[in-house]
Amino acid sequence: MRRTPLLLVMLLLFLAGCTGTPDAPDTPDDRPSGGHWRPEPGLTWQWQLSGRLDPAVDVPVYDIDGFDHPGSAVADLHRRGRKVICYLSTGAWEDFRPDAGRFPKSVLGRGNGWKGERWLDIRRTDVLGPLMAERIDMCRKKGFDAVEPDNMDAYANATGFPLTAADQLRYNRLIARLAHDRGLAVGLKNDLDQIPELVGDFDFAVNEQCAEHDECDLLTPFVRAGKAVFHVEYELPTRDFCPDARRLRLSSMLKKYELGVWRRAC
């Protein structure tokens, strides 16, 4: 057998040390862009944005507030076999968030009907883009699998700004891109009229009260694309919306407005 010269052996060992395989990541922070979760139609879920988090609901998907919960809560849900969505408001300012003081007054519009909240001027992506990127970075660092960006239909509301449908499309796609660049799935919240334009940019939808307003058929592009629609009603009894929800393959349940632990799934 032919011997390898000693000098060559030493050179090969040196090169191996320089190009060795890096340590495997021990947190979800290092998920590659594009490798995000893609929830399919029909998954059951829990949406809890208030009260003490109950991690024991037997569902594969949880949607919880990104600011209110530490990474340890996300890790606990993962140990229980759940995927976890990070709730954020990306279209409205909230005076109770720790970064509230970083939003200049020039981007704050009228109230959106919730105490301490005001619509944002989504045209100002130069200001809002970096702030939302930091929020989504927070979700990623805590180990979330996805983002639910709320208040994504400002153009259809009285915000105090002359927003257009084109402004909304541009902003919503920016939010989707920020999430995907960080390896996170992202859902389109409400904004039903723009679903045909946005279904390709988002991985799932989150909807409130489409049955009450006779709008659930507008969500079918997501289902046809193999993407989940996470849906809640507040006013209707389950007998009034669950048959249609099952027909449309929506992930539907009845919740109370405070979005605590209580739920009644279809």
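This tour goes through the sheet of a predicted model and two helices that pack on it.

**The sheet.** Select the strands and color them by number. Nine of them form an open sheet with mixed pairing, in the order S1-S2-S3-S7-S8-S9-S10-S11-S12. At the edges are S1, residues 45-48, and S12, residues 264-265, each of which pairs on one side only.

**One strand pair.** Next, select residues 229-233, which make up strand S10, and residues 251-254, which make up strand S11. The two run parallel and are joined by four bridges. Show Val 232 as sticks: the residue opposite it in S11 is Met 253.

**Helix H3.** Add residues 125-141. This is helix H3, which packs on the sheet and touches S3 (83-89) and S7 (146-150). The direction of H3 makes about 155° with that of S3.

**Helix H4.** Now select residues 165-181, helix H4, which lies across S7 and S8 (185-189). Relative to S8, H4 runs at about 160°.

**Between the helices.** Keep H3 and H4 on screen together. Two packed helices are described by the angle between their axes and the distance between the axes. For H3 and H4 the angle is about 35° and the axes are 10 Å apart. Their crossing is right-handed.

To see what fills the contact, show side chains on both helices. H3 contributes Thr 125, Leu 128, Gly 129, Met 132, Ala 133 and Ile 136. From H4 come Tyr 171, Leu 174, Ile 175, Leu 178 and Ala 179. Coloring by residue class gives nine nonpolar, two polar and no charged residues in this contact.

Methods. Residues numbered from 1 in each chain as written. Predicted model: local features only at pLDDT ≥ 70, side-chain atom pairs only at ≥ 80, totals over all residues. Heavy atoms only, no water. Pairing = 2+ DSSP bridges. Contact = heavy atoms within 4.5 Å. Axes fitted to C-alpha atoms, helices over the stretch in contact; angles between N-to-C directions. Left-handed = near helix turned anticlockwise from the far one by under 90°. Nonpolar A, V, L, I, M, F, W, Y, C, P; charged D, E, K, R; others polar.
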